[in-house]
Amino acid sequence: MIKIKTERDGRVSQGDVLRNIDYIERIQEARGILEVSKIAFPYIIVLTQDCDLEQDNKSREIPKETQDKLLISVLVAPLYNAEHFFNGEHLSTIGITSRIFDKKDRFADYIKSNQSARFHFLEFPSDFSLVDSIIDFKHYFSVPTPYIREMKKANYVCTVSELYREDISHRFASFLSRIGLPDMPKAKK
Amino acid sequence: MPSNDYGSMTTDDLGSATRSDREHETVSEVHEEISPEESYSVSKPKRIIIRAKITHDKDQD
């Protein structure tokens, strides 16, 4: 189980969990019709390094001659309901079919114990309203900094405490920096 | 959904609809589609498609 904080501070922080965050998939205009396609994620967690977020905030609150610490966007990842995830239906409403995990599937246990590099399992405190959740590090995306700063005011849920957010950050960085090796032909015996 | 709900969604904000003729453009008749709900989908991502008609009003230049 992880520890969380529920006091909202004045800026976006690494480990913040926010609800109802939009990801803009596509904007196009054709024959006078503007079409915007977006995915509304029920919950996301902020992954951007906290020192970068702190410097961005200072730069916005105390304007200087240069703004080289401003962030253009903030990196986040969706939180999926773990029950939906293991049933393979966490993305069913956006037309993506996912693997179904059998209750005896050992890979599900690997995910729950954070031994699978791609996923991070979060068990929130029992007295908190969020269900067990899973971060899929492959699904990270960025949102404009002004947008997420506004969303923090109205859609803040909680913040994952430092030790646990460092764990998430470290595992995410490790996943992102992995080296893809080609499949080698099997040696003839 | 009334277009007022998207009051801030000017074409300039969205970037892709700028024109060189400098006509003033406004977005009207907003229509929103939300991906079908499932009974078990309270906390699943949803795809939302917004279609808006762009009108050109030269009087506001």
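**Figure 1. The order of elements in chain A.** From its N terminus onward, chain A runs β-β-β-α-β-α-α-β-β-β-α-β-α. That makes five helices and eight strands in chain A. Please keep in mind, as you browse these views, that this is a predicted model. Along the principal axes, the C-alpha atoms of chain A fill a box of roughly 70 × 50 × 35 Å.

**Figure 2. Burial, contacts and surface in chain A.** Chain A has 189 residues, and 46% of them count as buried. Take the contacts in chain A with a separation of 6 or more: residues 24 or more positions apart account for 69% of these. On the outside, chain A exposes about 11,100 Å², with 51% of that area supplied by carbon and sulfur atoms. The charged side chains of chain A come to 28 positive and 28 negative, and the centres of the two sets lie 5 Å apart.

**Figure 3. A ring pair between strands S2 and S7 of chain A.** Here Tyr23(A) and Phe141(A) form an edge-to-face aromatic pair, with 5.1 Å from centre to centre and 65° between the planes. Tyr23(A) belongs to strand S2 (residues 16-30) and Phe141(A) to strand S7 (residues 141-144), so this pair ties together parts of chain A that are 118 residues apart in sequence. The two partners also differ in burial class: Tyr23(A) is partly exposed, at a relative accessible area of 31%, whereas Phe141(A) counts as buried, at 6%. The 6% for Phe141(A) falls in the buried class because that class covers values under 20%.

**Figure 4. A tilted pair that involves helix H5 of chain A.** The ring centres of Phe137(A) and Phe172(A) lie 5.4 Å apart and their planes meet at 50°, so the pair is classed as tilted. Phe137(A) sits in the loop between strand S6 (133-136) and S7, while Phe172(A) is part of helix H5 (residues 162-176); the pair therefore ties together parts of chain A that are 35 residues apart in sequence. Both Phe137(A) and Phe172(A) are buried.

**Figure 5. A cluster of phenylalanine rings in chain A.** Ring pairs link Phe85(A), Phe86(A), Phe101(A), Phe107(A) and Phe119(A) into a cluster. For the wider picture, a search of the whole structure finds eleven aromatic pairs over all chains.

**Figure 6. Two cysteines of chain A, Cys51(A) and Cys158(A)****.** How many disulfides does a search of the whole structure find over all chains? The count is zero. Of the two cysteines shown here, Cys51(A) is partly exposed, with a relative accessible area of 45%. Cys158(A), by contrast, is buried, and its relative accessible area is 0%. Cys51(A) is placed in the partly exposed class because 45% lies between the 20% limit for buried and the 50% limit for exposed.

**Figure 7. Chain B, from its N terminus on.** The elements of chain B follow the order α-β-β, which gives one helix and two strands. There are 61 residues in chain B, of which 30% count as buried. Among the contacts in chain B with a separation of 6 or more, residues 24 or more positions apart account for 54%. Chain B exposes about 4,100 Å², and carbon and sulfur atoms supply 46% of that area.

Definitions and conventions: Residues numbered from 1 in each chain as written. Chains lettered and ligands numbered in written order. Predicted model: local features only at pLDDT ≥ 70, side-chain atom pairs only at ≥ 80, totals over all residues. Heavy atoms only, no water. Helix = DSSP H or I, 4+ residues; strand = E, 2+ residues; numbered from the N terminus. Buried < 20%, exposed > 50% of the residue type's maximum accessible area, 1.4 Å probe, protein only. Contact = heavy atoms within 4.5 Å. Areas by Shrake-Rupley, 256 points an atom, 1.4 Å probe, with all protein chains shown as cover. Lys, Arg positive; Asp, Glu negative; His and termini not counted. Charge placed at Lys NZ, Arg CZ, Asp CG, Glu CD. Disulfide = S-S within 2.5 Å. Phe/Tyr/Trp six-rings, centres within 6.5 Å; stacked < 30°, edge-to-face > 60°.
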